[in-house]
Amino acid sequence: MKILVCISQAPDTTSRIAFTEGDKAFDSSGVQYIVNPYDEWYALVRAIELKEQQGGTVTTITIGEAACDPIIRKALAIGADDAIRVNAAPEDSMQVAQLIAEQAQAGAFDAILCGKETIDHNGSVVPAMVAELLDLPFVALATSLEVENGIAKMTREVGGGEESVEVALPFVASASKGMAEQRIPNMRGIMSARSKPLNVVEASADAPTSVSKFTLPPEKGACKMIDADRPEELIRLLREEAKAI
Amino acid sequence: MSVLAIVSIKNGAPTKSGLEAASYAANYAASQGMTASALVAGEISGDGGLGATGIAKVLHCTEPVTDSGQWAKLTEAAAVQLNASAIVASHDHFGRAVAPRVAVRLKAGLVAGVTELPSNDLVRKNVFSGKAVADVAVSTAIAVYTVTPNAFGVKDAPGQATVEPFSADLGIAREKVTGFDSASADGQVPLPEAELVVSAGRGLKGPENWGIVEDLASALGATTACSRPVSDIGWRPHHEHVGQTGITIRPNLYIAAGISGAIQHLAGVNQSKTIVVINTDPEAPFFKAADYGIVGDAFEILPKLTAAAKELKA
Ligand SMILES: Cc1cc2nc3c(=O)[nH]c(=O)nc-3n(C[C@H](O)[C@H](O)[C@H](O)COP(=O)(O)OP(=O)(O)OC[C@H]3O[C@@H](n4cnc5c(N)ncnc54)[C@H](O)[C@@H]3O)c2cc1C
């Protein structure tokens with residue numbers, strides 16, 4: 001199987017969130033970037049497991065500038081064979097999906113796996129856009145994936161449970177928790193990642209949406225403490241004051 | 001021009017997040033002097049309650065459609081027929097699969113996870129897992145929005161919608177649904193849609209102790225959730241994991257017992273309207289994000305809350 005995994009960078013989960021350029025851009029000063037957890041822990045690791053079981057290759061693709069190279073090397077260290085980086089600043093989900101779809105088309109992949117969303121823009125929509133651009137079947141929020149005789153069998157999160165779904169290869173899926181377990185790259189992986197191919201491609205696409213302003217949410221007021229001997233007081237406050245129950 | 005909501009059907013009725021998408025579409029249409037229609041596929045009775053969200057017309061495809069590609073074709077046909085300038089879907093498993101395909105077909109900009117109606121040509125959405133909001137501009141003639149569950153809610157609008165049969169050439173279904181496993185406990189509202197949530201963390205010490213969490217949840221009619229380590233070690237199922245790398249929720253009430261309040265956990269719950277924290281450690285960071293707090297042992301406090309909640313409901 002030839003698998004393409006879409007990898008994006010995201011600020012470390014403990015990053016201070018602040019904005020710059022008149023609140024139009026994320027302030028990346030001092031921010032440590034990681035592989036977006038859903039892309040790494042679930043999509044990438046499951047792709048590598050499938051390759052280990054059945055043979056084939058795992059290629060990663062990232063839309064981003066050279067600052068993304070460290071997270072791409074990490075994906076290679078975890079076990080991807082090669083990487084594509086489309087040298088463009090990601091601005092919008094449609095733009096990113098178009099750039100991914102162009103490369104995916106050229107590579108004739110059997111499976112395109114993405115994380116279910118990035119932890120910065122939380123859009124969760126690039127995977128299905130890629131599927132539509134390539135006219136492929138799509139499964140959102142997949143929690144498991146097996147491939148047998150050209151058929152991909154998945155489970156996916158739906159409201160109130162899990163559905164089993166089958167699609168023929170090639171297909172696109174977005175990976176959610178349950179799909180695989182996080183892998184820590186070992187020394188050999190880290191060494192070999194340095195010499196694996198990272199192909200940089202120049203391309204651009206239009207962005208039909210743009211952020212006009214970022215704002216931080218208002219601070220919470222003080223927490224009202226309730227005596228541990230009188231928890232029933234909490235229930236009263238939840239009804240009468242907060243009107244929550 | 002008009003606004004079109006696409007609404008998924010479960011057990012013969014629109015889903016809760018689907019009704020919210022319909023209400024969002026109706027209110028947006030009203031603000032623009034337009035009317036709103038809703039597209040549904042599968043069996044519903046009457047207008048499925050969509051008229052009561054302000055929808056004027058329901059386009060009803062009687063065949064159930066589960067394939068995301070077919071849904072996109074159906075939506076495109078409806079959008080063309082209605083000359084729709086905006087398409088609205090829920091930001092759940094349905095909208096995340098269908099809305100992006102619709103955006104591609106209609107060459108429309110998509111804003112995912114909106115929380116408020118567009119105003120002055122900008123629409124607000126959550127970013128950084130609830131740690132910030134962004135106001136987004138769309139430059140295309142048609143816009144697609146997916147609405148965060150529990151954000152906009154359903155605004156009642158007395159009325160009945162007309163129902164018209166609708167169909168289009170959908171081609172073949174390539175995504176075959178072969179089974180369903182109801183993971184959540186009987187009668188619980190699915191976590192992303194839940195208005196009341198009782199959540200617990202490593203402070204509960206073991207899966208055998210979750211009875212007191214479930215008891216409080218059932219006394220309140222709430223859905224259960226948990227912190228990441230609790231689902232990682234298998235004390236609770238994955239779908240209960242909330243936080244930056246789990247599900248992001250915004251219920252009216254979030255009760256957290258034995259959860260320290262790490263930044264990654266807060267990211268997934270900090271938009272809850274009211275947060276209650278129960279923790280033995282008065283220095284637990286979660287208290288800084290809480291509206292109400294009790295410093296105390298969850299093993300003693302939770303059963304007392306359950307008793308008080310039952311009394312209140314009685
Ligand atoms: C990249 C990354 C992503 C992450 N994503 C998430 C995520 O999505 N969601 C998430 O939850 N975490 C996430 N984490 C983990 C997070 O950092 C914390 O480790 C985790 O939230 C802690 O879980 P906890 O509060 O249950 O456990 P602990 O931190 O161990 O806290 C247990 C709490 O219980 C209290 N306690 C103990 N006994 C009692 C008692 N009898 N009664 C009352 N209170 C008691 C203690 O005082 C303590 O505050 C992530 C971490 C990383 C690095």
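# Exercises on a two-chain predicted model

Asn87(A) sits in the loop between strand 7 (82-86) and helix 3 (93-107) of chain A. Here helices (H or I, at least four residues) and strands (E, at least two) are DSSP runs, numbered from the N terminus. This is a predicted model, in which local features need pLDDT of at least 70 and side-chain atom pairs count only at pLDDT 80 or more, while totals for chains, interfaces and linings use all residues. Residues are numbered from 1 along each chain as its sequence is written, chains are lettered from A in the order in which they are written, and side-chain values use heavy atoms, without hydrogens and water.

## Exercise 1: the surroundings of Asn87(A)

Find which residues Asn87(A) is in contact with, leaving aside its neighbours within four places in sequence.

Solution.
- Step 1. Apply the cut-off: contact means heavy atoms within 4.5 Å.
- Step 2. List the partners: Gly64(A), Glu65(A), Ala66(A), Val200(A), Val201(A), Glu202(A) and Ala203(A).
- Step 3. Take Ala203(A). It is 116 residues from Asn87(A) along the chain, yet their C-alpha atoms are separated by 6.7 Å.
- Step 4. Take Glu202(A). Its side chain and that of Asn87(A) share a polar contact of 3.0 Å. The term means a pair of N or O atoms within 3.5 Å; within protein, one must be able to donate a hydrogen and the other to accept it, and residues adjacent in sequence count only if both atoms are side-chain atoms.
- Step 5. Check exposure. Asn87(A) is partly exposed, at 25% relative accessibility. Buried means under 20% relative accessible area, exposed over 50%, partly exposed in between (1.4 Å probe, protein chains only).

## Exercise 2: two positive phi values

Classify Glu21(A) and Asn83(B): where does each lie, and how exposed is each?

Solution.
- Step 1. Glu21(A) has phi near 50°, a positive value in a residue other than glycine. Its loop runs between strand 3 (19-20) and strand 4 (25-26) of chain A. Glu21(A) is exposed, with a relative accessible area of 62%.
- Step 2. Asn83(B) has a positive phi of about 55° and is not a glycine. Its loop lies between helix 2 (68-82) and strand 6 (84-90) of chain B. Asn83(B) is partly exposed, at 46%.

## Exercise 3: the cis peptide

Locate the cis bond between Leu169(A) and Pro170(A).

Solution.
- Step 1. Read omega: it is near -10°.
- Step 2. Place Pro170(A): it is in the loop between strand 11 (161-168) and strand 12 (171-175) of chain A.

## Exercise 4: where the chains meet

Describe the contact between chain A and chain B.

Solution.
- Step 1. Count residues: 78 come from chain A and 83 from chain B.
- Step 2. Count salt bridges: there are six between the chains. Each is a side-chain nitrogen of Lys or Arg within 4 Å of a carboxyl oxygen of Asp or Glu. One joins Asp291(B) and Lys220(A) (2.7 Å, N to O).
- Step 3. Look for pairing. Strand 15 (residues 224-225) of chain A runs parallel to strand 17 (residues 292-295) of chain B, joined by two bridges. Two strands pair if DSSP finds at least two bridges between them. Lys224(A) stands opposite Tyr292(B).
- Step 4. Trace the open sheet. Its six strands have the order 15(A)-17(B)-16(B)-15(B)-13(B)-14(B), with parallel pairing. The edges are strand 15 of chain A and strand 14 (223-226) of chain B.
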